[in-house]
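Trainee: I have the sequence and the model open side by side. Could we go through them together, one question at a time?

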Amino acid sequence: METIPAKHLLHRNRSTEWFGTDHTMNIYRGCCHGCLYCDSRSDCYHVEGFDQVRAKADALRILRDDLARKVRPAFIAMGSMSDPYNPFEGELKLTRHALELIDAYDCGVAIATKSDLILRDAEVLAAIQRHSPVICKLTVTTADDGLAAKIEPHAPPPSARLAALGELSRAGVFAGVLLMPVLPFLEDGDEGVLAVVEGAAQAGARFIYPAFGVTMRQGQREYFLDGLERAFPGQGLRERYLRQYGDRYQCASPRAKQLWAVFTAACRERGILYDMKSIIRGATLNYGDRQLTFFD
C-alpha cells in the first residue's frame, strides 16, 4: 500500500447542512470501486490515479493530535472523497482504529460507504452512539445487483449493502440509505426507486436521502460517458446525455419531479425520514445541549 503525506486529517466544514457534520476526514485517497459516475474523479479535486487507493501516512497519530486540539467534540464526516471501507481496510484497519479514536475523544461520526465491511465495526459505532451522534449512510443507487455490477463494477452488490443496513439497524445504530446518484435513463423509473425504498424499509432504514440525477464536470464527464458506452453498448446513452445536458454540471433526471412525488409518498407510508433537517434532528435528538453545537 502506497502512502501519501498529510499534515492534518480533520478539516472544518464551511457549514453543517450536510448531515449536521462540522468536520470532514478522509483517511484514504482514491477509490477502487470503479463507479462510472463518481464526482471525486473531477479535475478540481486534483486526485491523480484515482483508481489506486493510497493511505495517509501516520494517519492515526495525526488524527489523535487533531482530536486532542478540539475544544468541543467534533461531528466528523467520513467517506466524502474515498470509501473508508475499501478492500484494503479489511487488513489495514485504519478506519476501525480511527473510529476507536473518535470514540475515545467523545466525538460523533457520519460515515458513507458502499461496503458491507462496515458491519465489522458495528460495536464501535454503537459505542460512539452512546455519547455522540452516529449516522451510517449506505449508498444504494439501484436494488438490481445486475445493473449495479455495470455501473459500480468493483463495489459489493446492493443486496449485500442492504443486508448490512439490516444488521446495523438491528444493532440499534442510526442508519439509512444514500439514494444517489439516480442515473437518468437507467435508474430513474418509478419501479427502480420504489424497489430501493422497499429494500431499505425491510432493512429497518431510519432514512433515505435522494438525488434524482447525476453530476458531470471536467475530468469526470468523459470517464462517465465512456463507461456508459462500454457498459451499455448500442444504447446511445452518450448521445442522449449530451443532447439532454450538454456541458452542464448538475444533470437532474427529466423525471425528477415525478420521482420525488412517488418517493416521498412511499417514505411517508413507511415512516422513513427523507429531508435533511429531519434526518439531522433524528440523529442528534438525544444528545442534550451538545445538539446545538452541530449547527454553529
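Trainee: Let me start with the cysteines. How many disulfides does a search of the whole structure find?

Mentor: Keep in mind that this is a predicted model. A disulfide needs two cysteine sulfur atoms within 2.5 Å. Searching the whole structure for such pairs gives a count of 0.

Trainee: Take C44, then. Why is the sulfur of C44 not in a bond with the closest cysteine sulfur?

Mentor: C44 is partly exposed, with 44% relative accessibility. The closest cysteine sulfur belongs to C38, and that is too far for a bond because the separation is 11 Å.

Trainee: And C107: is that residue buried or exposed, and how far away is the nearest cysteine sulfur?

Mentor: C107 has a relative accessibility of 2%, so this residue counts as buried. C107 is in no disulfide either. The nearest cysteine sulfur is that of C136, at 16 Å.

Trainee: On to the sheets. Which strands stand at the edges of the sheet of 7 strands?

Mentor: This open sheet has mixed pairing, and its order is 2-3-6-7-8-9-10. An edge strand has a single partner, so one side is left without a neighbour in the sheet. The two that fit are strand 2 (11-12) and strand 10.

Trainee: Within that sheet, what is the bridge partner of H23 in strand 6?

Mentor: Strand 3 (residues 23-25) and strand 6 (residues 75-78) run parallel and are joined by 3 bridges. For H23, the partner in strand 6 is I76.

Trainee: Which helix packs on the sheet by touching strand 8 and strand 9?

Mentor: Look for residues 158-170, which touch both strand 8 (134-139) and strand 9. The direction of this helix makes about 160° with that of strand 8. The element is helix 6.

Trainee: How many residues of strand 8 are buried?

Mentor: Side chains in a regular strand alternate between the two faces of the sheet. Here V134, C136 and L138 point one way, while I135, K137 and T139 point the other way, and all are buried. That makes strand 8 mostly covered, with a buried count of 6 of 6.

Trainee: Which residue of strand 8 is the bridge partner of A110?

Mentor: Strand 7 (residues 108-113) pairs with strand 8 in the parallel sense, over 5 bridges. In strand 8, A110 is partnered by I135.

Trainee: What separates the C-alpha atoms of V134 and A110?

Mentor: V134 lies in strand 8 and is buried, at 1% relative accessible area. Beyond its neighbours within four places in sequence, V134 has contacts that include V109, L125, F174 and A283. A110 is 24 residues from V134 along the chain, yet their C-alpha atoms are separated by 5.6 Å.

Trainee: There is another sheet, with 3 strands. In strand 5, what is the bridge partner of T3?

Mentor: That open sheet has the order 1-5-4 with mixed pairing. Strand 1 (3-4) and strand 4 (28-29) stand at its edges. Strand 1 runs parallel to strand 5 (residues 54-56), with 2 bridges between them, and T3 is partnered by A55.

Trainee: Now helix 10. How far apart are its end C-alpha atoms?

Mentor: Helix 10 has 15 residues, 256-270. At 1.5 Å a residue, they should span 21 Å. The model agrees with this, as the end C-alpha atoms are 21 Å apart.

Trainee: Within what arc do the buried residues of helix 10 fall?

Mentor: The buried residues are A256, L259, F263, T264, A266 and C267. Seen down the axis, they line one face of the helix because they all fall within an arc of 165°.

Trainee: Which exposed residues does the face turned away from the buried side of helix 10 carry?

Mentor: The buried residues are covered by elements including strand 9 (175-179), helix 7 (190-202) and strand 10 (207-210). Turned away from that buried side are K257, R268 and E269.

Trainee: Last one, on backbone geometry. What is omega for the cis peptide bond joining M180 and P181?

Mentor: Most peptide bonds are trans. P181 lies in the loop between strand 9 and helix 7, and its bond with M180 is cis, with omega about -10°.

Methods
Residues are numbered from 1 along each chain as its sequence is written. This is a predicted model: local features need pLDDT of at least 70, side-chain atom pairs count only at pLDDT 80 or more; totals for chains, interfaces and linings use all residues. Side-chain values use heavy atoms; hydrogens and water are left out. Helices (H or I, at least four residues) and strands (E, at least two) are DSSP runs, numbered from the N terminus. The expected span of a helix is 1.5 Å times one less than its number of residues. Buried means under 20% relative accessible area, exposed over 50%, partly exposed in between (1.4 Å probe, protein chains only). The arc is that of the directions from the helix axis to the C-beta atoms. Contact means heavy atoms within 4.5 Å. Two strands pair if DSSP finds at least two bridges between them. Axes are lines fitted to C-alpha atoms, for helices over the stretch in contact, and angles run from 0 to 180 degrees between N-to-C directions.
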